[in-house]
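Me: I am new to this structure and would love a guided close look at one part of it. Could you take me through it slowly?

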Amino acid sequence: MRRSVFYILITVSLLLAIPPLALATDYTFLGSDPNYYYLRLDLPSLSSFVSGINNSGQIVGRSFDSSGAHGFVKTGGTFSPVDVPGSNGTGALGINDLGQIVGRSTDSSGRFSGFVKTGGTFSPVDVPGSN
């Protein structure tokens, strides 16, 4: 049944030329074939996406609201923001088993920067010479 729902979303998205995640705004699929399952994210946002999960079950991703993109981490039943100070938008892309979060942020000129968040500290990760 779980795979059927996923395949229906993929089929509908291909027929309508809509990315599959756009149809799954309220639900995010986790796992790998043949173990697809969904997780409902109850965030006060327009849409949200999961991009990483570690072996402890901590989940990271990004959500979008009227003010832009925001990263988040879900630990147990608690959502916490992951927003780089001074950025115009943040996305949490992955989390390891130590709870370190990697992601990207955007500045006011639209330039992307990478980061690693360890505890409460954000460390930039930028390739020299990249824009």
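How many bridges join strand 5 to strand 6, and do the two run parallel or antiparallel? Please start there and then show me what lies around that part.

Reply: Happy to! One thing to keep in mind is that this is a predicted model. Strand 5 covers residues 68-75 and strand 6 covers residues 78-82; they run antiparallel, and 5 bridges join them. One residue to look for is Gly-71, whose bridge partner in strand 6 is Val-82. The two strands form a hairpin with 2 residues between them. In that turn sits Gly-76, with a positive phi of about 65 degrees.

Now step back along the chain to another hairpin, made by strand 3 and strand 4. These strands also pair in the antiparallel sense, over 6 bridges. Here Gly-52 stands opposite Val-60 in strand 4. Between the strands there are 5 residues, and Gly-57 takes a positive phi near 90 degrees.

Ser-56 belongs to the loop between strand 3 (47-53) and strand 4 (59-65). Is Ser-56 buried or exposed? Its relative accessible area is 59%, and because the cut-off for exposed is over 50%, Ser-56 counts as exposed. Along the chain Ser-56 and Asp-97 are 41 residues apart, yet their C-alpha atoms are separated by 6.7 Å. Strand 3 itself has 5 of its 7 residues buried, so this strand is largely enclosed by the rest of the structure.

Both hairpins lead to the interior. Val-82, the partner of Gly-71, and Val-60, which stands opposite Gly-52, both belong to the largest nonpolar core. That core has 8 residues in all, and the others are Val-73, Val-84, Ala-92, Ile-95, Ile-101 and Phe-115. In soluble globular proteins, nonpolar side chains tend to be buried together.

Ala-92 is a good place to finish the tour. Leaving aside its neighbours within four places in sequence, Ala-92 is in contact with residues including Val-60, Gly-71, Val-82 and Ile-101. Ser-51, Gly-61 and Phe-72 are also among its contacts.

Finally, here is the wider setting. The protein has 2 helices and 10 strands, and from the N terminus on, the two helices come before the strands. Of its 131 residues, 33% count as buried. The accessible surface comes to about 8000 Å², and 57% of that belongs to carbon and sulfur atoms.

Methods:
Residues numbered from 1 in each chain as written. Predicted model: local features only at pLDDT ≥ 70, side-chain atom pairs only at ≥ 80, totals over all residues. Heavy atoms only, no water. Helix = DSSP H or I, 4+ residues; strand = E, 2+ residues; numbered from the N terminus. Buried < 20%, exposed > 50% of the residue type's maximum accessible area, 1.4 Å probe, protein only. Pairing = 2+ DSSP bridges. Core = buried A, V, L, I, M, F, W, Y, C linked by side-chain atoms within 4.5 Å. Contact = heavy atoms within 4.5 Å. Areas by Shrake-Rupley, 256 points an atom, 1.4 Å probe, with all protein chains shown as cover.
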